[in-house]
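Here are a few exercises to work through with the model open beside you. Try each one before reading its solution.

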Amino acid sequence: MIQEICKDERFLAQKAEPATPDDLPIAQDLIDTLTAHKDGCVGMAANMIGVNKRIIIFDNEGAYQVMFNPVIVKQSGPYQTEEGCLSLTGRRPTKRWKRIKVQWQNETFQTRLKTFTGWTAEIIQHEIDHCDGILI
């Protein structure tokens, strides 16, 4: 179901709770909501739709990928950039990493580990920041 975008900065600044298998329906809401905003958005975290759970979705080279409980375990190549967000107005400066290694759980809650680079890595970092209560 397409959900309303949360713009409450106090809510967005909270650290997200770990996701469990009971939270699988939230992933579908994220898919539906991101699809509805695909013209101006490439990723979302659950708190952007008002759910304080550690779940993200992003455009991974043309296909949506959902991550439950994602954590960046390694990073390299810092750089400065500007980003926008559906939950916030305008664009803001931020520091990102060119290469990140992420550990997460998939839809069956199996642990996965993968390295991402470039634009995809930047999207993931933005969404994991949401999970950590960090606003750009």
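**Exercise 1. Find out which residues Gln 65 touches, leaving out those up to four places away in sequence.**

Keep in mind that this is a predicted model. Start with the contact list: Gln 65 touches Ile 56, Ile 57, Phe 58, Asn 60, Trp 104 and Phe 116. Next, place the residue: Gln 65 sits in strand S3, which covers residues 63-85. Then look for a polar partner. The side chain of Gln 65 makes a polar contact of 2.7 Å with the side chain of Asn 60. Last, check the accessibility: Gln 65 comes out at 17% relative accessibility. The cut-off for buried is under 20%, so Gln 65 counts as buried.

**Exercise 2. Work out how the rings of Phe 58 and Phe 116 are arranged.**

You need two values here, as a pair of aromatic rings is described by the distance of the centres and the angle of the planes. By the pairing rule, the structure has 3 aromatic pairs. For Phe 58 and Phe 116, the ring centres are 6.0 Å apart and the planes are at 90 degrees. Planes over 60 degrees apart count as edge-to-face, so that is the label for this pair. Now see where the two rings come from: Phe 58 is in strand S2 (residues 55-60) and Phe 116 in strand S5 (residues 111-117), 58 residues apart. Phe 58 is buried at 0% relative accessible area, and Phe 116 is buried too, at 4%. To finish, add Trp 104: with Phe 58 and Phe 116, Trp 104 forms one aromatic cluster.

**Exercise 3. Do the same for the rings of Phe 68 and Phe 109.**

The centres of these two rings lie 4.9 Å apart, with the planes at 40 degrees, so the pair is tilted. Phe 68 belongs to strand S3, while Phe 109 is in the loop between strand S4 (88-105) and S5, so the pair ties together parts 41 residues apart in sequence. On burial, Phe 68 has a relative accessible area of 0% and is buried. Phe 109, at 17%, is buried as well.

**Exercise 4. Explain why Cys 41 has no bond to Cys 85.**

First, the overall count: a search of the whole structure turns up 0 disulfides. Then the distance: the closest cysteine sulfur to that of Cys 41 is in Cys 85, 7.3 Å away. A disulfide needs the sulfur atoms within 2.5 Å, so the gap is too far for a bond. As for burial, Cys 41 is buried at 10% relative accessibility, and Cys 85 is buried at 12%.

Methods. Residues numbered from 1 in each chain as written. Predicted model: local features only at pLDDT ≥ 70, side-chain atom pairs only at ≥ 80, totals over all residues. Heavy atoms only, no water. Helix = DSSP H or I, 4+ residues; strand = E, 2+ residues; numbered from the N terminus. Buried < 20%, exposed > 50% of the residue type's maximum accessible area, 1.4 Å probe, protein only. Polar contact = N/O pair within 3.5 Å; in protein donor to acceptor, adjacent residues only side chain to side chain. Contact = heavy atoms within 4.5 Å. Phe/Tyr/Trp six-rings, centres within 6.5 Å; stacked < 30°, edge-to-face > 60°.
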